Amino acid sequence: EAETAQPASAEAIAAGDAENGRKLFMGYAHFEHEGPPCMGCHSVGDNGLLGGGALGPNLTNVSTERSDDEIVGVLSNTGSVISPVMKPIYETDPLTEEEQADLLAFMKASVGQPEADKELLVFGISIVGTIGAAIVLGFIYRNRLRSVRRVIVNKAEKELL
């Protein structure tokens, strides 16, 4: 049975660790209840080789737009603003008070970072990968055709003799 989420207390928020929050956000550290990392849906600043997800909003400056209580309310599914996407995910895998506080500290530390748009990089990698796969498949298919053709030619030559 899933635990009920509790919003982070003022004491927990004051003790929040931005570096641990970054690790949780990026998925380098796992949430206690094994929920998915934030980066699957969100991005923050220039973090991550390919950036973050595009499903949710960019959270680089969220702490300047929302209060600590509002952010913690979203993270715990207990606030006046509830994310319709996050609620079902974190209802069964709630974030602990410490995880909420660490994520909040990371978001506060990220304010003002340049927001990276890595769509062009992802597109380029996709194109190069597709071309590479086409070349490899071309060689495989070419060799397959040669071996099939060789059998047919040998059979035809035997019939002519």
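Two aromatic rings of Phe, Tyr or Trp, the last represented by its six-membered ring, are taken as a pair if their centres lie within 6.5 Å, and the angle between their planes then sorts them into stacked (under 30 degrees), edge-to-face (over 60) or tilted (the rest). With that criterion, a search of the whole structure, which is a predicted model, finds two aromatic pairs.

The first to consider is formed by F25 and F106, whose ring centres are 5.4 Å apart and whose planes meet at 50°, so the pair is classed as tilted. Its two partners come from distant parts of the chain, since F25 sits in helix α2 (residues 18–26) and F106 in helix α6 (residues 97–109), 81 residues apart. F25 counts as buried, with a relative accessibility of 1%, and F106 is likewise buried, at 4%. The other pair joins F31 and Y90, with 6.3 Å from centre to centre and 85° between the planes, an edge-to-face arrangement. This pair, too, links distant parts of the chain: F31 belongs to the loop between α2 and α3 (62–65), Y90 belongs to helix α5 (residues 86–92), and their positions lie 59 residues apart in the numbering. F31 is buried at 3% relative accessibility, and Y90 is buried at 7%.

These rings can be placed within the fold as a whole. The protein chain has seven helices and zero strands, and along the sequence its elements follow the pattern α-α-α-α-α-α-α. Of the 161 residues in the protein chain, 32% are buried, while the accessible surface comes to about 10300 Å², with 59% of that area belonging to carbon and sulfur atoms. Where contacts join residues at least 6 apart in the sequence of the protein chain, 65% of them connect residues at least 24 apart.

The interior can be followed through its largest nonpolar core, which has 25 residues, and those with the most contacts inside this core are F25, F31, L75, L103 and M107. Helices α1, α2, α4, α5 and α6 each supply at least two residues of this core, and the largest share, five residues, comes from α6. The surroundings of F25 can be described in detail: leaving out residues up to four places away in sequence, F25 touches P37, C38, M39, H42, S43, V44, L59, L103 and F106.

Helix α6 itself has 13 residues and reaches 18 Å from its first C-alpha to its last, close to the 18 Å expected at 1.5 Å a residue. Within α6, the residues E99, Q100, A101, D102, L103, L104, A105, F106 and M107 are buried, and the buried residues of this helix pack against α1 (10–14), α2, α3 and α4 (68–76).

One of the contacts of F25 is the cysteine C38, which leads to the matter of disulfides. A disulfide is a covalent bond between the sulfur atoms of two cysteines. The structure holds zero disulfides. Why does C38 not form one? The closest cysteine sulfur to that of C38 is in C41, at 8.8 Å, and this is too far for a bond, given that the cut-off for the sulfur atoms is 2.5 Å. Viewed from C41, the closest cysteine sulfur is that of C38, at 8.8 Å, again too far for a bond. As for their settings, C38 is buried, with a relative accessible area of 12%, whereas C41 counts as partly exposed at 23%.

The backbone offers two further places to examine. Most residues other than glycine have a negative phi, and most peptide bonds are trans. E34, although it is not a glycine, has a positive phi of about 65°, and N77, also a residue other than glycine, has a positive phi near 60°. E34 is located in the loop between α2 and α3, and N77 in the loop between α4 and α5. Is each of these loop residues buried or exposed? E34 counts as exposed, with a relative accessibility of 57%, whereas N77 is buried, with a relative accessible area of 17%. Leaving aside neighbours within four places in sequence, N77 is in contact with I82, M86, K87, Y90 and E91. Among these contacts is Y90, the residue of helix α5 that forms the edge-to-face pair with F31.

Notes:
Residues are numbered from 1 along each chain as its sequence is written. This is a predicted model: local features need pLDDT of at least 70, side-chain atom pairs count only at pLDDT 80 or more; totals for chains, interfaces and linings use all residues. Side-chain values use heavy atoms; hydrogens and water are left out. Helices (H or I, at least four residues) and strands (E, at least two) are DSSP runs, numbered from the N terminus. Buried means under 20% relative accessible area, exposed over 50%, partly exposed in between (1.4 Å probe, protein chains only). The expected span of a helix is 1.5 Å times one less than its number of residues. Contact means heavy atoms within 4.5 Å. A nonpolar core is a set of buried Ala, Val, Leu, Ile, Met, Phe, Trp, Tyr and Cys residues joined through side-chain atoms within 4.5 Å. Accessible areas come from the Shrake-Rupley method with a 1.4 Å probe; for residues, only the protein chains shown count as cover.
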